[in-house]
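Please load the model in your viewer, switch on a cartoon with side chains available as sticks, and keep the selection panel open. The tour moves from one selection to the next and says at each stop what is to be found there.

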Amino acid sequence: MASEKLGLDLSEPTRKKFVRQVVEKFLAEEQAKREANAADEVKEEEEEDDEEEEDGKVKSSGDKEYDYEGDLIVCRLSHKRRVTVTDFRGKTLVSIREYYSKEGKELPTSKGISLTAEQWATFKKNIPGVEQAIKKLESKS
């Protein structure tokens, strides 16, 4: 059907590969959008229930933890490093970043990375490959 609409023979291997890449990218973007929308809805619901702690640093709701700007702290990787989900200029970002303390607040440094929902989806899809590489390197030690 696509071949007819485009007036191209899409059965050629190079064209098949191109179409597959376009479709996969589109599907990944759509999945990332759905996940981002779901995360936004959850964040909005949780913000309604949040209560600020006495020190003003962190808000919490059940087992969830938020920083002073309202960003969800997904996990703390160490004392200085954490994974957060935030909204920046209308885009949902997953940030893995180092923090420092100033005037009683924990603030992000430039040391880290922020991934868009699409980049996060790509990264998440490739986690098994990262795990295999880690196992391979560790087995050499």
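How many bridges join E4 to strand E5 (residues 81–88), and in which sense do the two strands run? There are 4 bridges between E4 and E5, and the two strands run antiparallel. Elements here are DSSP runs numbered from the N terminus, with helices (H or I) of at least four residues and strands (E) of at least two, and two strands are said to pair if DSSP finds at least two bridges between them.

Before going on, note that this is a predicted model, in which local features need pLDDT of at least 70 and side-chain atom pairs count only at pLDDT 80 or more, whereas totals for chains, interfaces and linings use all residues. Residues are numbered from 1 along each chain as its sequence is written, and side-chain values use heavy atoms, with hydrogens and water left out.

**The whole chain**

Colour the cartoon by secondary structure: the protein has 4 helices and 7 strands, and from the N terminus on the order of elements is α-α-β-β-β-β-β-β-β-α-α. Of its 141 residues, 21% count as buried, where buried means under 20% relative accessible area, exposed means over 50%, and partly exposed lies in between (1.4 Å probe, protein chains only). With the surface displayed, about 10,900 Å² is exposed, and carbon and sulfur atoms supply 52% of it; accessible areas come from the Shrake-Rupley method with a 1.4 Å probe, and for residues only the protein chains shown count as cover. Among contacts between residues at least 6 apart in sequence, 19% join residues at least 24 apart, a contact being heavy atoms within 4.5 Å.

**Along the strands, from E3 to E7**

Select residues 64–66 and 72–76, which are strands E3 and E4; they pair in the antiparallel sense over 2 bridges. Tyr-66 has Leu-72 in E4 as its bridge partner, and in the hairpin of these strands, with 5 residues between them, Gly-70 takes a positive phi near 90°.

Keep Leu-72 selected and add Val-85, which is the bridge partner of Leu-72 in E5. The hairpin that joins E4 to E5 does so through 4 residues.

Next, extend the selection to E6, which pairs with E5 in the antiparallel sense over 8 bridges. Phe-88 stands opposite Lys-91 in E6, and the hairpin of E5 and E6 has 2 residues between the strands. Zoom in on Arg-89, found in the loop between E5 and E6, where phi is near 50°, a positive value in a residue other than glycine. Most residues other than glycine have a negative phi. Is Arg-89 buried or exposed? Arg-89 counts as exposed because its relative accessibility is 75%.

Select strand E7 (residues 105–116) together with E6: the two pair in the antiparallel sense over 9 bridges, and Lys-102 stands opposite Lys-105 in E7. E6 and E7 form a hairpin with 2 residues between them, and Glu-103 in the turn has a positive phi of about 55°. With a relative accessibility of 76%, Glu-103 counts as exposed.

**Helix H3 and its contacts**

Move to Ala-121, whose place is in helix H3. Ala-121 counts as buried because its relative accessibility is 13%. Leaving aside neighbours within four places in sequence, Ala-121 is in contact with Ala-28 and Ala-32; a distance label between the C-alpha atoms of Ala-121 and Ala-32, 89 residues apart along the chain, should read 6.0 Å.

**The second largest pocket**

Finally, select Lys-33, Ala-36, Thr-92, Ala-117 and Glu-118, which lie nearest the centre of the second largest pocket among its 12 lining residues. A pocket is found on a 1 Å grid over the protein atoms alone, as an open set of points where a 1.4 Å probe fits, with protein on both sides within 12 Å along at least five of seven lines; lining residues have an atom within 4 Å of a point. About 220 Å³ of space lies in this pocket, the volume being the space filled by probe spheres set on the points, which are joined across faces, edges and corners.

Helix H2 (13–49), strand E6 (91–102) and helix H3 (117–125) each supply at least two residues of the lining, and the largest share, 6 residues, comes from H2. By class the lining has 3 nonpolar, 4 polar and 5 charged residues, where Ala, Val, Leu, Ile, Met, Phe, Trp, Tyr, Cys and Pro count as nonpolar, Asp, Glu, Lys and Arg as charged, and the others, Gly among them, as polar.
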